[in-house]
Amino acid sequence: MSRDNTGSSSRRGFLKSAGAVAAVAGGGFAQGAEARTQGSVATSIEPFYGARQSGILTPAQHHSYFAAFDLDANARNDVIAMLSSWTAAAAALTQGEEAPTPSGSNGPEDSTETLGLSPARLTLTFGFGAGLFMKDGRDRYGLAAARPDAFIDLPHFQGDQLIERRTGGDLSVQACADDPQVAFHAIRHFAELGYGTARLRWTQTGFLPHAKPGETPRNLMGFKDGTSNPDDEAALAKFVFVSSDGPAWMRGGSYVVARRILIGLEHWDRMNVDLQEQTIGRHRANGAPLGKTGEFDAPDLAALDKDGAPVLPAHAHIRLAAAENNGGARILRRPYSYNDGASYTAERWPPWRQGVQYDAGLFFVCYQRDPRQGFVKIFSKLAQFDLLNRFSTHTGGGLFACPGGIAPGEYVGESLFEG
């Protein structure tokens, strides 16, 4: 079958006729300094090249498609060739162009489900898993010595019920866009480009509501999610991005932790609002910390009520996650809700848990400069004491090293493979 080149011209024509204007961005979902300066209305095109990968500080799009891949290639050059084709495709797709055919290849052809669509602020963020460096005792690609000290294996946390087929991976790609079809198309195209070299291990979709401009979106538990994040360059440099303390290939990069968290929404919905607010530590209506009136007010960890009890319960989620209770640790949170339909529970369970239950919850995504000083430090405490554990179960995810940004003419991770 001959390659149909109408896709490229159709998408470019759309961008010109529409003036490259897109829908409202993820209002108020603070992703750092960029989110506050760009505002809520953005063009449909996000930059691909830069000192940092896009999709980390980009104002959050409404849809996410996260994919982890396992590598089947035995040769380092095969991995390089695939990453080169992925980079070229990403650079084109994010700008509304048809992905180029890899050099010396007749395909794969574009699946064309995005013909006539704008790029919808598509970003593609790449990560490397532990299996790229060493797997099953083998240094397959001669990269074992380049694995950073900060790139640890995540410990098993209390309460984890991780499903193997939903966990780990040698590579990760997160596609985010304001159109779910655009995000899925990118991952689908990468899977075709990687045929014979890499195969999908697990995927997870996510979504955010169309909140009003300047308003923090709510998660499926009904609470605002994403209120407190590092939001200036000094904080981002300190807590989120690797600098001279890491290897050259990770400078300007970050470590992403992704966790698929099943929420027992049926159980949660039967709790009164008072208990829900004590569990989270915020008022459900406006997102303010308990004892405060504004969403962005700092929680008062020392405040007591008239009976001498803490206004913010000892096991409230935001108290346990607070930097003051974790040696100053902070992370950049970029979570999405997910809804994968429903599942049937086992007959051996109590009657109130039998039947059909939602397979829905939170796809938690966070970036940090060092997982040991970020997610691990914070979540070790949450896993033991958080009241939210009564309603949540971690069922999958992984840790990936996202290298620094990509310059024109480079491929993602080039400084790792060539260095």
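A residue counts as buried when its relative accessible area is under 20%. The exercises below use a predicted model.

**Exercise 1. Burial and surface**

Task: State what percentage of the protein chain is buried and how much area the chain exposes.

Solution:
1. Start with the chain length, which is 419 residues.
2. Apply the burial cut-off: 51% of these residues count as buried.
3. Turn to the surface. The chain exposes about 18,100 Å².
4. Split that area by atom type. Carbon and sulfur atoms supply 52% of it.

**Exercise 2. Fold and contact range**

Task: Count the helices and strands, then give the share of contacts that join residues at least 24 apart.

Solution:
1. The chain has 10 helices and 11 strands.
2. Take contacts between residues at least 6 apart in sequence.
3. Of those, 80% join residues at least 24 apart.

**Exercise 3. The nonpolar cores**

Task: Identify which residues have the most contacts inside the largest nonpolar core, and which helix supplies its largest share.

Solution:
1. The largest nonpolar core has 75 residues.
2. Trp86, Leu132 and Phe417 have the most contacts inside this core.
3. Helix H3, residues 76-93, supplies the largest share, with 9 residues.
4. Now inspect Trp86. Leaving out residues up to four places away in sequence, Trp86 touches Phe69, Phe126, Leu171, Val173, Phe190, Leu193 and Gly194.
5. Another core, of 19 residues, lies apart from the largest one. Its members include Leu57, Ala235, Phe239 and Phe241.

**Exercise 4. The largest pocket**

Task: Describe the largest pocket by volume, central residues, contributing elements and residue class.

Solution:
1. The volume is about 1,200 Å³.
2. The lining has 47 residues; Ser228, His317, Ile318, Ala321 and Arg333 are the closest to the pocket centre.
3. Five elements each supply at least two lining residues: strand E7 (254-263), helix H8 (317-321), strand E10 (356-368), helix H9 (375-385) and strand E11 (392-402).
4. H9 gives the largest share, 4 residues.
5. By class, the lining has 26 nonpolar, 10 polar and 11 charged residues.

**Exercise 5. Enclosed space**

Task: Count the cavities of 30 Å³ or more, then characterise the second largest.

Solution:
1. The structure holds 4 such cavities.
2. The second largest cavity has about 50 Å³ of space.
3. Its lining has 10 residues, and the closest to its centre are Leu208, Asn219, Asp225, Pro335 and Ser337.
4. By class, this lining has 6 nonpolar, 2 polar and 2 charged residues.

Conventions: Residues numbered from 1 in each chain as written. Predicted model: local features only at pLDDT ≥ 70, side-chain atom pairs only at ≥ 80, totals over all residues. Heavy atoms only, no water. 1 Å grid on protein atoms, 1.4 Å probe; cavity = no way out; pocket = protein on both sides within 12 Å on 5 of 7 lines; lining within 4 Å. Points joined across faces, edges and corners; volume = space filled by probe spheres on them. Nonpolar A, V, L, I, M, F, W, Y, C, P; charged D, E, K, R; others polar. Buried < 20%, exposed > 50% of the residue type's maximum accessible area, 1.4 Å probe, protein only. Contact = heavy atoms within 4.5 Å. Areas by Shrake-Rupley, 256 points an atom, 1.4 Å probe, with all protein chains shown as cover. Core = buried A, V, L, I, M, F, W, Y, C linked by side-chain atoms within 4.5 Å.
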